[in-house]
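Subject: The structure we talked about

Hi,

Here is the structure I promised to pass on to you. Have a look at it first, and then read my notes underneath.

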Amino acid sequence: MSRQSDQGFILSIDGPVIGIKGLKYQKIGDLVKIGHSKLTGEIIKITDNRSIATCYEYTEGLHVGEPVLNTTEPLSMELGPGLLNNIYDGIQRTLPLLREKYGDFIGIEQEAYALDRKKSWIFEPKVKEGTKVTPGDIIGTVQETNTINHKIMVPMGVYGTLTTIVRPSKYSIEDTIYTIKNGKIEQKFGLFQKWPIRNIRPYRQRIYPTEPLITGMRVIDVLFPVAKGGVVAVPGGFGTGKTVIQHNLAKWADADIIVYVGCGERGNEMADVLEQFPNLIDPHTNLPVMERTVLIANTSNMPVSAREASIFSGLTIAEYYRDMGYDVALLADSTTRWAEALREISGRLEEMPAEGGYPAYLSTRLASFYERAGLVHPLGFPDRVGSITVVGAVSPPSGDFSEPVTKTTRRFVKAFWALDAKLAYSRHYPSISWTDSYSLYSEHLEEWWNKLGKGWGKSRIDISEILARSDELQNIVQLVGKENLPVEQQLILFVAELIKNVYLIQNAFDPIDRYSSPQKSLKLINLILDYYSRSLDVVSREIPLFEVENLGIVTEISRARLSIKNKDVDQFEGLQKKLEREITGLIERYESS
Amino acid sequence: MKITYSNIQGIEGPLVFLRHQHNVMNGEIVHIIDPNGIARTGRVLEISENVTVIEVFQGTAGLDTDRTQLTFSDEVFQISISRDMLGRTFDGQGRPKILKNADSFPELLPEVVRPICGTPINPYSRSYPTDVIHTGISVIDGLTTLVRGQKLPIFTGQGLSHNKLAAQIVKQAKVREENFVVVFVGIGILQDDAMYFEQRFKESGNWQNVISFLNIASDPTIERILIPRIALTVAEYFAFDLDMHVLVIMTDITNYCEALRELSSAKGEIPSRKGFPGYMYSDLASLYERAGKIKGREGSITQIPIITMPNDDITHPIPDLTGFITEGQIVLSRELYKRNVYPPIDILSSLSRLMKEGVGEGKTREDHSEIASQLYSLYAQSLEIKELESIIGEESLTSLDKRILNFGKSFEQYFMNQKFDEERDVITTLDLAWDLVSTVPKRNILRISPEILDKYYIEDARIKEKLWGR
Ligand SMILES: Nc1ncnc2c1ncn2[C@@H]1O[C@H](COP(=O)(O)OP(=O)(O)OP(=O)(O)O)[C@@H](O)[C@H]1O
Ligand SMILES: [Mg+2]
């Protein structure tokens with residue numbers, strides 16, 4: 001980039017869309033500095049001899065005629081130690097630093113490095129001078145947080161011989177750590193690298209996911225599971241629980257790294273995360289969950305162009321940790337706001353709109369987002385496996401799933417957690433509909449669950465059948481009343497209600513219920529299903545239904561989600577015994593009389 | 001140097017198109033002299049290669065292309081703010097309204113001058129709102145708790161009792177503290193509604209703490225886009241510079257959105273749903289997100305926007321987009337209104353997202369969120385059973401169904417229903433909830449954890465009689 005400076009001037013201003021004249025070397029994706037106040041923008045279109053840029057900051061106060069400087073570099077992320085436990089805006093400005101430098105409001109002319117320049121890290125070299133290295137090779141490590149050992153990797157595109165590498169000691173982000181020589185050229189490298197957000201980071205090989213991402217939400221883990229490396233959409237109207245699900249995943253899912261992208265949503269939701277996470281303990285590592293988390297907050301009132309970028313910023317960070325061999329979950333709330341940002345920019349460019357006013361390239365862009373999920377062998381030595389699981393919230397207008405973003409998203413995801421406003425209205429949370437949701441991962445995950453205990457695969461099928469039967473029967477009840485159904489059918493209705501109210505429902509804010517370990521989920525459902533089959537036997541002996549409904553065990557089953565702690569799953573043995581005892585007692589009582 | 005033009009190229013709707021020769025600024029204020037010599041104000045909306053698009057706040061009626069003069073001010077829209085604004089009323093451009101007794105007011109001495117668009121609060125600077133505002137209204141305090149720093153709109157229909165409810169909230173919300181300010185923003189409302197609020201504020205003795213901004217139905221449409229921004233800029237000064245608790249009532253956001261639509265269509269933009277612009281979500285967010293609390297500062301901005309749902313349709317883009325931005329919603333129901341339930345709040349579709357941190361032990365009472373969830377669940381069931389009953393008749397209901405049905409009736413009658421001057425503290429509200437829930441057999445109470453249930457559930461059968469005897 002040893003070009004002379006490339007400068008032009010502002011020709012037109014339409015919200016975030018800036019027309020520029022006079023640039024000579026512009027490429028699509030180049031970052032530009034707009035106006036005297038040097039607002040950051042990105043070139044998105046070039047026609048005749050003018051360029052169009054979207055500006056990542058507010059443009060009120062900008063004059064036409066002001067200068068525009070082309071940096072000729074694409075928007076890139078700084079990747080290195082210091083990402084975790086941090087919060088950025090959509091273009092990776094560190095929000096705590098912005099606050100420290102400029103106060104509580106984000107205005108123009110504010111800049112803040114992504115990675116702390118002053119902080120020092122203890123670097124441990126892992127390879128010796130003289131080693132031949134290729135992209136992705138781990139040449140050393142830094143303990144970034146208590147949980148995460150940060151791998152320092154040879155940047156993409158760099159080959160050669162390691163000529164120098166520093167001794168174990170403290171280094172700052174900008175110190176030279178190692179040098180690599182290739183032919184006559186010797187390059188210096190530090191603890192961090194850069195990567196353009198719109199490019200996929202290359203990897204060696206993709207593999208099919210077979211391990212579940214354990215979420216601690218029963219309805220997900222048991223009925224609609226997602227694999228590590230999978231893609232899920234969570235569509236739902238306002239207030240149906242998308243954000244609570246995303247927060248729950250960020251808190252309890254068994255990923256190594258969480259990248260949470262608040263894309264065009266509420267500022268208070270980010271404040272909520274920032275206040276809660278440092279005090280929450282990850283059940284898998286016993287360390288604060290914040291230590292594995294990177295937050296990207298581009299709230300609804302922040303500029304739309306930066307909102308559009310924020311999703312790709314998040315993905316780039318996710319890919320970087322995946323390349324170290326970690327399981328990353330990228331949680332995007334909400335992809336609809338991102339699509340709307342695309343729509344707004346496209347509208348201002350006067351592009352031909354397709355369905356719903358969205359640009360015709362909506363589906364390619366959505367694909368370019370979901371495609372970056374997956375389970376892979378990253379490049380470099382030693383061989384390792386890392387994954388990105390993407391969970392995208394979708395906010396369909398009026399909760400109507402036939403709108404373009406939801407419809408298009410469906411084509412790219414393999415699991416679909418459809419939120420049902422009716423369930424949400426009666427405060428049945430998570431309001432994941434058992435009729436409209438699906439997961440194509442389940443069959444590949446069965447093996448994993450079978451190692452844990454018996455019956456995951458069968459329980460899923462049984463639950464689905466009971467729920468489906470009950471939904472059918474409800475229609476008949478509407479005609480004849482419950483009392484007039486055959487007793488086996490009344491039992492199905494009763495058990496279905498039980499499953500909904502004491503199993504599928506889960507209170508995200510209850511200290512016990514909020515995370516249900518796989519063991520607890522499995523034991524509880526097995527108990528309920530066992531209760532069902534034993535009750536079926538009871539009623540077939542012409543013992544009235546109310547007898548099984550009124551058994552003491554029913555109350556205990558009902559309370560189990562709130563009263564039995566994950567570490568006390570052994571208590572289910574006791575409940576199982578009690579169930580058997582009460583049923584036998586009941587049968588004896590009737591048969592002896 | 002100020003540059004004056006008198007060669008307008010075109011006029012459409014509220015917009016003037018001007019061929020410019022100098023470096024126009026985005027958002028620049030333009031002073032306009034119409035052919036009759038009367039001054040108007042406009043603002044630069046868009047600058048294309050040679051043409052500048054200017055919105056005229058007072059509308060374009062009477063403007064022509066050759067005698068109208070436009071002078072560029074080289075400034076963006078700003079508002080002067082002062083403590084003396086308390087107890088006074090301002091127009092859609094933030095100027096003191098000329099009232100009959102206007103001369104009795106002193107001139108305002110501006111303490112600060114601020115651009116009205118505001119800048120986003122750094123998400124890292126926000127402090128999560130947790131202080132409950134006790135409104136004394138059972139449905140709100142019990143089920144959709146209002147919190148300081150929250151944005152909680154009222155979704156209503158034409159002719160429902162939203163004004164009364166908003167006035168009752170202001171009256172009862174313990175607003176008489178020193179540091180409490182009400183900012184009232186009337187957007188395209190009827191003069192009558194404006195007067196209704198003024199009277200209620202005066203009756204409750206709050207008038208000296210109220211700052212009103214009024215754009216009534218006959219005032220210029222474009223000002224409706226400015227007025228909430230002006231008001232919020234003032235609110236931010238009182239909240240974040242002067243450490244006061246500011247409650248902003250904005251009515252009616254539907255009029256605001258219609259003004260936005262008018263402007264967008266005049267600009268020839270591609271419309272999204274129902275003709276509203278595709279950026280309406282972001283635009284509304286730029287208002288609603290100005291609510292909140294900031295770390296290390298005492299004050300807060302709480303917003304209660306009022307939205308009339310066209311045809312009572314909650315899926316209409318205005319309530320729909322609002323619901324996606326605000327922290328919950330209070331939805332009024334025509335059906336309840338007709339049955340004379342006041343406040344006619346449809347609890348199932350209403351929600352307060354900030355409730356979870358605002359209630360519970362040490363704040364209201366430990367059982368609060370669980371009993372609330374249980375009330376929702378039972379009430380939802382009771383409505384389903386009511387529907388069933390209308391098809392298959394009461395005889396075919398199970399005895400449990402009948403109990404729940406009864407619960408639903410008493411819930412509406414004793415819990416939801418309340419008088420305009422009736423104030424219930426939160427403990428009374430919660431106790432009432434337990435009275436009602438205890439009419440349903442204990443083993444059917446599934447949303448409440450065993451300890452809480454054992455502690456609060458009223459086993460005594462007499463309680464049921466007590467309640468029915470009310
Ligand atoms: N699992 C849960 N347990 C308890 N409460 C829940 C749960 N899920 C959702 N809620 C309640 O529902 C409210 C709304 O949920 P949430 O904010 O996640 O909705 P959303 O779908 O993200 O809405 P929007 O699209 O408007 O952002 C929460 O504030 C909370 O009160
Ligand atoms: Mg949300």
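Let's begin at ligand 1: α3 (242-252) of chain A and α7 (317-325) of chain B each supply at least two residues of the shell around it. (Helices, H or I with at least four residues, and strands, E with at least two, are DSSP runs numbered from the N terminus.) The helix that gives the most to this shell is α3(A), with three residues.

Before I go on, some ground rules. This is a predicted model, where local features need pLDDT of at least 70 and side-chain atom pairs count only at pLDDT 80 or more, while totals for chains, interfaces and linings use all residues. Residues are numbered from 1 along each chain as its sequence is written, chains are lettered from A and ligands numbered from 1 in the order in which they are written, and side-chain values use heavy atoms, with hydrogens and water left out.

Back to the ligand. In total, 19 residues surround ligand 1, and the closest are A:Lys242, A:Thr243, A:Val244, A:Arg266 and B:Arg353. (A residue is near a molecule or strand if one of its heavy atoms lies within 4 Å of it.) The site is shared between chains, because residues from chains A and B surround ligand 1. Sorted by type, the shell has seven nonpolar, eight polar and four charged residues. (Ala, Val, Leu, Ile, Met, Phe, Trp, Tyr, Cys and Pro count as nonpolar, Asp, Glu, Lys and Arg as charged, and the others, Gly among them, as polar.)

The backbone of chain A comes in here too. Polar backbone atoms of A:Val244 and A:Gly239 are 2.7 Å and 2.8 Å from an oxygen atom of ligand 1, and for a backbone N or O atom of A:Thr240 the distance is 3.3 Å. On its own, ligand 1 has 630 Å² of accessible area, and the protein covers 92% of that. (Accessible areas come from the Shrake-Rupley method with a 1.4 Å probe; for residues, only the protein chains shown count as cover.)

Now for the place where the chains meet. How many residues does each chain bring to the contact? Chain A brings 84 and chain B brings 84, with contact meaning heavy atoms within 4.5 Å. About 6,800 Å² is buried between the two chains, and carbon and sulfur atoms give 55% of this. (Buried area is the accessible area, 1.4 Å probe, that two parts lose on being put together, summed over both.) A:Phe238, A:Asn268 and A:Arg427 supply 12% of what chain A buries against chain B, more than any other three residues.

Four salt bridges cross this interface, where a salt bridge is a side-chain nitrogen of Lys or Arg within 4 Å of a carboxyl oxygen of Asp or Glu. B:Arg297 and A:Asp104 form a salt bridge, at 2.7 Å from N to O. Helix α4 (residues 267-276) of chain A gives eight residues to the side of chain A that touches chain B, the largest share.

Over all chains, the structure holds 68 salt bridges. One of them joins B:Glu55 and B:Arg43, with the closest N and O atoms 2.8 Å apart. B:Glu55 is in strand β6 and B:Arg43 in strand β5 of chain B, so this pair ties together parts twelve residues apart in sequence.

Last, some backbone oddments. A cis peptide bond runs from A:Asp333 to A:Ser334, with omega near 5°. Another cis bond joins A:Phe381 and A:Pro382, with omega about -10°.

Cheers

Conventions:
A polar contact is a pair of N or O atoms within 3.5 Å; within protein, one must be able to donate a hydrogen and the other to accept it, and residues adjacent in sequence count only if both atoms are side-chain atoms.
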